[in-house]
Amino acid sequence: MNTTATATRVLTGDRPTGPLHLGHYFGTLQNRVRLQQQGAELMLVIADYQVLTDRDVAERLGEHVEGLVLDYLAVGVDPDLSTIFTHSAVPALNQLLLPFLSLVSVAELGRNPTVKDEIAQSRQSAVSGLMFTYPAHQAADILFCKAGLVPVGQDQVPHLEITRTIARRFNDRYGRVFPVPEALLSPAPLLLGTDGNKMSKSRGNAIALRASADETARLIRGAKTDAERRISYDPANRPEVSSLLLLAGLCLDRDPAEVADEIGDGGAAALKRVVTAAVNDYFAPARARRAELAGDLGEVRRILHEGNARANAVADRTLAEVREAMGGLVAAA
Ligand code: TRP
């Protein structure tokens with residue numbers, strides 16, 4: 001057993017905006033399950049309040065929350081070892097936001113490149129206060145449980161920096177309460193969506209984890225490739241073909257260049273047949289498990305309820321420490 005991981009509390013999570021896809025799986029889900037198996041205590045936050053950053057209303061929220069729980073369980077998150085919770089169900093976590101906001105400046109919040117990007121892409125007519133401040137709320141997601149390790153993609157690194165700043169400043173000002181967490185960047189390379197852009201829930205170019213075998217075949221058949229008949233692994237010059245080869249390689253646990261050699265002059269049609277078979281074989285067990293669990297939503301709700309209870313116990317303890325450190329602030333009320 002890996003002793004470093006045993007001592008570590010790991011927190012990460014997702015916004016409940018739609019089904020997780022193969023990019024999520026190879027980018028982070030697989031890694032989370034590996035950490036769980038190595039003995040890390042895994043906390044998964046379903047960031048429901050955070051859905052409201054770039055839209056006015058969180059649509060079909062309940063369905064998306066349950067969908068995320070199903071996706072987690074399907075890929076191997078074990079609710080006996082790990083905690084799945086929604087941050088809106090943990091009042092003490094949310095209370096941390098107020099002292100945390102006092103520790104960052106408006107200028108620092110304004111410089112966050114991920115937030116700037118999201119503002120540029122947002123369909124809202126005005127930038128809400130939540131859009132501007134959610135990285136401080138994310139710091140509460142991470143620090144309420146004193147996580148040491150936060151597995152995330154590159155786009156989340158600015159948020160992690162704000163979290164680290166808040167932890168350091170809190171400790172300097174009030175005495176040490178929080179560990180300063182580290183980002184754990186996944187080594188998995190980027191998977192492109194079926195249109196050749198980064199695979200993303202909002203772009204409509206993703207293959208969902210829960211997609212059926214037929215749906216997967218249809219999506220891959222429609223994926224963008226190029227006109228060259230000979231298949232080769234060349235990410236710089238042939239990004240779409242190479243991303244498909246990478247996907248097949250990840251599913252088959254093989255070198256993508258080797259997969260390319262085998263397809264040879266078969267062209268895009270042969271490539272797509274190979275990728276479809278690889279994806280459908282690899283995900284068949286997780287998809288079957290997901291379908292089975294989806295038939296028992298009572299159990300899914302029970303798992304979430306239990307996760308929320310565990311997260312609340314942790315958050316209550318941390319908030320008590322925070323109040324104590326801050327000089328008994330409101331603790332007597
Ligand atoms: N911002 C993350 C995303 O959009 C989701 C998230 C919320 C998160 N709270 C977190 C990720 C805490 C890691 C740690 O994907």
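**Exercise 1.** Determine whether Val90 is buried or exposed, and state where it lies.

*Solution.* Step 1: Val90 has a relative accessible area of 0%. Step 2: Buried means under 20% relative accessible area, exposed means over 50%, and partly exposed lies in between, with a 1.4 Å probe and protein chains only. Val90 is therefore buried. Step 3: Val90 belongs to the loop between strand 3 (83-86) and helix 4 (91-95); helices (H or I, at least four residues) and strands (E, at least two) are DSSP runs, numbered from the N terminus. Step 4: Contact means heavy atoms within 4.5 Å. Apart from neighbours within four places in sequence, Val90 is in contact with Phe85, Ala311, Asn312 and Ala315.

The model is predicted: local features need pLDDT of at least 70, side-chain atom pairs count only at pLDDT 80 or more, and totals for chains, interfaces and linings use all residues. Residues are numbered from 1 along each chain as its sequence is written, and side-chain values use heavy atoms, with hydrogens and water left out.

**Exercise 2.** Identify the buried residues of helix 7 and explain how they are arranged.

*Solution.* Step 1: In helix 7 (residues 113-121), the buried residues are Thr114, Val115 and Glu118. Step 2: Viewed down the helix axis, these residues fall within an arc of 100 degrees, so they line one face of helix 7; the arc is that of the directions from the helix axis to the C-beta atoms. Step 3: An α-helix has 3.6 residues a turn, so residues three or four places apart point the same way. Step 4: The cover over the buried residues of helix 7 includes helix 8 and helix 9 (157-174).

**Exercise 3.** Describe the polar contacts of the ligand with Gln50 and Asp141.

*Solution.* Step 1: A polar contact is a pair of N or O atoms within 3.5 Å; within protein, one must be able to donate a hydrogen and the other to accept it, and residues adjacent in sequence count only if both atoms are side-chain atoms. Step 2: An N or O atom in the side chain of Gln50 lies 2.8 Å from a nitrogen atom of the ligand. Step 3: For Asp141, the corresponding distance from a side-chain N or O atom to a ligand nitrogen is 2.7 Å.

**Exercise 4.** State what is notable about phi of Arg60 and whether Arg60 is buried or exposed.

*Solution.* Step 1: Most residues other than glycine have a negative phi. Step 2: Arg60 is not a glycine, yet its phi is positive, about 45 degrees. Step 3: Arg60 counts as exposed, at 54% relative accessibility.
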